[in-house]
Amino acid sequence: MWYLFDGPIEGYMVKRISIRTSGLGLHEITGDVQSVVREAGGREGLCTILIQHTSASLTVQENADPSARRDLERWLDRLVPEDDPDFTHTLEGADDMPAHIKAALTATTLSIPVADGRLALGTWQGIYVWEHRRRGGTRNCVIHVGN
Amino acid sequence: MWYLFDGPIEGYMVKRISIRTSGLGLHEITGDVQSVVREAGGREGLCTILIQHTSASLTVQENADPSARRDLERWLDRLVPEDDPDFTHTLEGADDMPAHIKAALTATTLSIPVADGRLALGTWQGIYVWEHRRRGGTRNCVIHVGN
Amino acid sequence: MWYLFDGPIEGYMVKRISIRTSGLGLHEITGDVQSVVREAGGREGLCTILIQHTSASLTVQENADPSARRDLERWLDRLVPEDDPDFTHTLEGADDMPAHIKAALTATTLSIPVADGRLALGTWQGIYVWEHRRRGGTRNCVIHVGN
């Protein structure tokens, strides 16, 4: 983890966290984000997450039944198949252009209110990094916590 | 309505509002959100909305001609039909998995600048809760207003 | 450019910028947004962008190889073709309803953390206005910079 800003003011922080994704799919980061909120120390505020990549994205999805996430992934894979004859941006692999499209259709930034020192998510909501490249890799997210 | 934080500082607030959706489709909440901004009391700032569900979502859409919203809904219904043979997450009903997918393709959080005490939306923009379940229900949104 | 708020507090600003889009496609605004962040003057914070239209949108995409952006545009054009027989909102032209749908599938607001006085984007990320109307036009974005 790399601190961009760990100021003297309670409740403020800008921090970069790195996520290792082993491959395609949804990787939960709710706990990592909550840790940064706790470290920032404020009771109420706003937590914003930016993923610094264009072939992976963010989403808030159901954290209970994993079948919902599997069906979601499969549906999006079917909507944006590899080897589309119209693709010209193919130098970085057959999964690269679908990855950019999937990222554009989902979220690059999310802003979650903080209440009582915790992310004010719904009971069944989790925050996920959605890896769209087959090989995965290290994905950086910048987290801002403010009032 | 349930207050998470109604602090002593002008222009700050974290508040949860509940929306009753009678069924599928776009339910305008611009006025509800504007009320929270007014209550927070600041002239300039940022208003963030999180919907605490994964089978309903948020969108900013045209508030004038309702035919635009109807066509939008119908188009998305066609893109994500029920009874997809690949769905395995079907225990909560045929409309549940399409609801999760539609939520992932639209927005879970929105951040709207505030100027002169009002949401700085375009003339034809409204904020909507997009209900993706047939039966609808009570949908909670957490609204953060800050500087 | 029109100032909504240029307050006395360093690091705070609400400003509206206008982008001329000559037609369909992705128009980079990273430099314009960075200029507002510089003008606001803070070292760390959060920058939020709202596009005040429902037939154009925002996206963060690869700023290197333009073929990625071209393939992305073509793919979305194919997903949301004009002259869909189900469209009823056709008074403003054949490209209007696809524009609303494309806007709903991408982003209306983006929030980017600021660190060391700069947008904390990834190396290959750029911020784009995505024009979905053939004729293009003047597109207004409201930019909020705060702590």
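Start by selecting α2 of chain B together with α3 of chain C: the two helices cross right-handed. Keep in mind as you go that this is a predicted model. In sequence terms, you want residues 66-79 of chain B and residues 96-105 of chain C, whose axes sit 10 Å apart at an angle of about 65°. Now show side chains. From α2(B) come Ala68(B), Asp71(B), Leu72(B) and Trp75(B), and from α3(C) come Met97(C), His100(C), Ile101(C) and Ala104(C). Colour that set by class and you get six nonpolar residues, one polar and one charged.

Next, hop over to α2(A) and α3(B). This crossing is right-handed, with an angle of about 65° and axes 10 Å apart. On the α2(A) side, pick Ala68(A), Asp71(A), Leu72(A) and Trp75(A); they meet Met97(B), His100(B), Ile101(B) and Ala104(B) of α3(B). The class tally for this contact is six nonpolar, one polar and one charged.

Stay on α2(A) and hide the rest for a moment. It runs over residues 66-79 of chain A, and with 14 residues at 1.5 Å each it should span 20 Å; put a distance between its end C-alpha atoms and you get 20 Å, so expectation and model agree. Which residues of this helix are buried? Select Ala68(A), Arg69(A), Asp71(A), Leu72(A) and Trp75(A). Turn the view to look down the helix axis: these buried residues keep within an arc of 165°, so they line one face. The general rule behind such a pattern is that an α-helix has 3.6 residues a turn, so residues three or four places apart point the same way. Spin round to the face turned away from the buried side, and you find Pro66(A) and Arg78(A), both exposed.

So what covers the buried residues of α2(A)? Bring back β3 (25-28) and β5 (56-62) of chain A, plus α3 (96-105) of chain B; the cover includes these three elements.

Zoom out to the whole A–B contact. Chain A puts in 28 residues and chain B 26. On the chain A side, the elements giving two or more residues are β5, α2 and β6 (109-115). The helix you just toured, α2(A), gives the most, with seven residues. Coloured by class, this side of chain A shows 13 nonpolar, nine polar and six charged residues.

Now swing chain A round to where it touches chain C. Here 26 residues of chain A are in contact with 28 of chain C. Select β1 (2-5), β4 (45-51), α3 (96-105), β6 and β9 (137-146) of chain A, each of which supplies at least two residues to this side. α3(A) has the largest share, five residues. Colour by class again: 11 nonpolar, 14 polar and one charged.

For the last stop, go inside chain B and centre on Val33(B), which sits in helix α1 (residues 30-40). Is Val33(B) buried or exposed? It has 24 C-beta neighbours inside 10 Å, so it counts as buried. Leaving out residues up to four places away in sequence, it touches Cys47(B), Ile49(B), Leu119(B), Ile127(B) and Ile143(B). Try the distance tool on one of these: the C-alpha atoms of Val33(B) and Ile143(B) are 7.4 Å apart, although 110 residues separate them along the chain.

Notes
Residues numbered from 1 in each chain as written. Chains lettered and ligands numbered in written order. Predicted model: local features only at pLDDT ≥ 70, side-chain atom pairs only at ≥ 80, totals over all residues. Helix = DSSP H or I, 4+ residues; strand = E, 2+ residues; numbered from the N terminus. Expected span 1.5 Å × (residues − 1). Buried ≥ 20, exposed ≤ 12 C-beta atoms within 10 Å, placed from the backbone. Arc of directions from axis to C-beta. Contact = placed C-beta atoms within 7 Å. Nonpolar A, V, L, I, M, F, W, Y, C, P; charged D, E, K, R; others polar. Axes fitted to C-alpha atoms, helices over the stretch in contact; angles between N-to-C directions. Left-handed = near helix turned anticlockwise from the far one by under 90°.
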